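Me: I'd like to go through this structure with you, one piece at a time. Could you start with the overall picture and then move on to the packing?

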Amino acid sequence: MLSYALKRFIGAWPTLLILIALAFFMIRAAPGGPFDAERSLPAEVEANLRAAYHLDEPLPQQFGRYLLNLVRGDFGPSFQYKDYTVTELIMTGFPVSLRLGGLAMMLAVLIGVSVGALAALRQNSWLDHAVMSVSMTGISIPNFVMAPLLILLFAIFLGWLPAGGLGDGSPAHLVLPVVSLALPQIAYISRLTRGSMIEVLRSNFVRTARAKGLPQRVVLLRHALKPALLPVVSYLGPATAAVITGSVVIEQIFGVPGLGRYFVQGALNRDYTLVMGVVVFYGVLIVVFNLLVDLVYALLDPRVKY
Amino acid sequence: MSTAAEVTVSTPEEKGRSLWTDAILRLRRNRAAVTAAVILTVMTVLVIAGPWLSPYDYDYTDWDMILVSPDLASGHFFGTDGIGRDIYVRTLYGGRISLLVGVVATMVSLLIGIAYGATAGYFGGRVDHLMMRIVDILYAMPFMFFVILLMVMFGRNILLIFVAIGAINWLDMARIVRGQTLSLKRKEFVEAAEALGVPPFRIIRRHIVPNLLGVVAVYVTLTIPQVILVESFLSFLGLGVQEPMTSWGALVNEGAQEMENAPWTLVFPAVFLAMTLFCFNFIGDGLRDALDPKDR
């Protein structure tokens with residue numbers, strides 16, 4: 001197991017490097033620069049600015065410098081928020097995003113798995129059909145469409161929940177963003193669980209467990225649930241990526257001051273270091289999370305050889 | 001079921017029924033998929049021909065009719081937006097863009113995916129290993145962020161949307177095609193072609209690719225809604241098509257800002273978008289069941 005983990009760990013490095021390089025050179029290749037303004041700066045001032053930010057060095061050298069700083073956890077200064085470094089901005093935005101995304105993921109797994117398992121146990125009943133049609137709807141309605149509709153219903157028509165912002169940080173403010181972030185994932189996970197659960201319930205070892213006379217509860221919890229959850233575990237990687245991407249719009253819609261909002265605003269303001277920082281930060285997060293998911297999968301599934 | 005499907009895939013002429021007639025027969029029995037197909041056809045016709053039914057143009061500003069609610073008499077069937085533009089016509093024009101992007105970008109990803117996957121699978125060995133390793137690495141990339149970067153950095157033109165979205169969606173296709181190719185290349189007709197000295201890329205084109213189309217069809221119907229989703233996501237962020245042209249994502253975004261006073265500006269485009277995605281997903285599911293009953 002340890003050598004497998006090590007191998008996977010080493011294998012993740014090229015991915016990370018390519019990711020960072022891609023982001024770095026893509027931004028540098030873009031027309032326009034961070035000091036473009038309506039009134040152009042005097043040549044010497046701009047030259048000094050460029051020198052201060054090391055923009056006058058050859059590109060490979062800049063890239064090397066960026067990588068070195070990155071290793072030290074330094075994402076560079078923000079061009080737009082003059083008094084902050086990108087690291088500081090990430091550190092203020094990320095906890096908010098993490099709370100949002102973490103809650104949404106937890107909700108998605110809990111509800112998705114239980115609803116999916118329930119539907120599988122009553123396959124072809126009205127409950128099953130209801131769950132499947134609702135989840136198909138959930139998959140088909142993107143979260144940026146769902147979010148305004150939820151606001152319209154619960155905040156404007158019914159007035160039960162606040163429409164946006166974090167306010168005093170009370171849980172009520174989190175309900176709508178978390179729910180709209182979680183819904184598509186709930187839908188997807190419930191379909192996934194249902195499918196694999198149905199397959200597992202038909203398998204020989206479950207039949208054997210039943211033939212031994214084990215009570216239904218033990219058959220389900222001890223024997224069926226674990227293998228049925230394997231596809232869900234491997235979906236957690238893509239799910240995280242989806243939640244992170246989704247939170248970019250969700251934060252925009254609800255005015256939540258998270259990392260996603262910095263990303264969109266940074267991109268629109270051409271705040272290169274900030275945008276780059278967010279891409280690298282989230283990219284590394286996703287790669288690392290995928291790695292963890294793979295390792296957990298290998299631990300859970302006795303058929304995986306390493 | 002599964003063996004029947006395999007038989008039809010490998011030797012269609014013996015059964016006297018091709019893979020496609022077989023699949024269509026099975027698809028026709030799937031009521032949800034048929035309904036979805038009908039709705040989608042109606043939607044497509046409406047999107048193409050519907051704007052002619054309205055006296056208004058998509059960028060025409062009716063200054064006397066700002067934010068009016070849906071009304072048949074005035075000709076604003078779905079009402080108007082904040083600067084008096086007709087929501088009905090704009091929704092349909094947005095639909096043209098969304099559907100067009102969906103189809104074209106899917107074709108782009110299809111071409112890349114088939115070429116890449118079939119090459120990797122057919123040549124096998126080191127080539128395959130290297131090519132699939134590249135796919136693995138790319139798979140881990142948060143592409144959505146890169147697409148956003150691209151759109152911001154290089155301006156918002158529709159051609160770039162096609163290419164960018166197509167270029168991120170081919171990975172799945174490449175994997176599936178490669179898997180199919182690996183099993184296809186051991187078939188007798190490929191061996192026969194090799195024995196006759198047919199060059200590799202000709203074999204891929206004439207013998208491998210046509211036999212892949214069944215699996216590919218399923219993924220095409222499942223990729224189109226994904227692509228439409230990505231496009232509307234970008235448009236929602238204001239990075240998609242440019243004003244006064246519009247797409248469903250952009251309309252939902254505008255509607256979300258007006259929804260307190262004028263919910264119809266949000267509801268109509270949202271329903272059109274959701275409905276289209278819904279139908280494509282149902283057809284894709286149905287097609288998957290019809291062509292490959294024991295998939296995944």
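**Chain B, then the contacts**

Reply: In this predicted model, buried residues account for 44% of the 296 residues in chain B.

Me: How many helices and strands does chain B have?

Reply: Chain B has 13 helices and 0 strands, and so, read from the N terminus on, its elements run α-α-α-α-α-α-α-α-α-α-α-α-α.

Me: And what share of the contacts in chain B join residues at least 24 apart?

Reply: Counting contacts in chain B between residues at least 6 apart in sequence, 67% join residues at least 24 apart.

Me: Take α13(B): is it mostly covered or mostly open?

Reply: α13(B) is mostly covered, with 23 of its 28 residues buried. Its end C-alpha atoms are 40 Å apart, which agrees with the 40 Å that 28 residues should span at 1.5 Å a residue.

Me: Changing topic, how many residues of chain B are in contact with chain A?

Reply: On the chain B side there are 29 residues, in contact with 34 residues of chain A. The elements of chain B that give two or more residues to this side are α7 (143–153), α11 (200–236), α12 (248–258) and α13 (264–291). By class, the side of chain B that touches chain A has 26 nonpolar, 2 polar and 1 charged residues.

Me: Now inside chain A, what are the angle and axis distance for α4 and α9?

Reply: Helix α4 (residues 86–121) of chain A packs against helix α9 (residues 216–254) of chain A at an angle of about 140°, and their axes are 10 Å apart. That angle makes α4(A) oblique to α9(A), and α4(A) passes α9(A) in a right-handed crossing.

Me: Which residues meet there?

Reply: From α4(A) come S97(A), L100(A), G101(A), A104(A), M105(A), A108(A) and V113(A), and they meet residues in α9(A) including L229(A), V232(A), A239(A), T240(A) and E251(A). Sorted by class, the contact of α4(A) with α9(A) has 10 nonpolar, 4 polar and 1 charged residues.

Me: One last spot: where is D56(A), and is it buried or exposed?

Reply: D56(A) lies in the loop between α2 (43–52) and α3 (59–71) of chain A. D56(A) counts as partly exposed, because it has 13 C-beta neighbours inside 10 Å, whereas 20 or more would make a residue buried and 12 or fewer would make it exposed.

Me: What does D56(A) contact, leaving aside neighbours within four places in sequence?

Reply: With those neighbours set aside, D56(A) is in contact with R50(A) and A51(A).

Notes: Residues are numbered from 1 along each chain as its sequence is written. Chains are lettered from A and ligands numbered from 1 in the order in which they are written. This is a predicted model: local features need pLDDT of at least 70, side-chain atom pairs count only at pLDDT 80 or more; totals for chains, interfaces and linings use all residues. Axes are lines fitted to C-alpha atoms, for helices over the stretch in contact, and angles run from 0 to 180 degrees between N-to-C directions. Helices (H or I, at least four residues) and strands (E, at least two) are DSSP runs, numbered from the N terminus. Angles under 35 degrees count as roughly parallel, over 145 as roughly antiparallel, 65 to 115 as roughly perpendicular and the rest as oblique. A crossing is left-handed if the near helix is turned anticlockwise from the far one by less than a right angle, and right-handed if clockwise. Two residues are in contact if their C-beta atoms, placed from the backbone, lie within 7 Å. Ala, Val, Leu, Ile, Met, Phe, Trp, Tyr, Cys and Pro count as nonpolar, Asp, Glu, Lys and Arg as charged, and the others, Gly among them, as polar. The expected span of a helix is 1.5 Å times one less than its number of residues.
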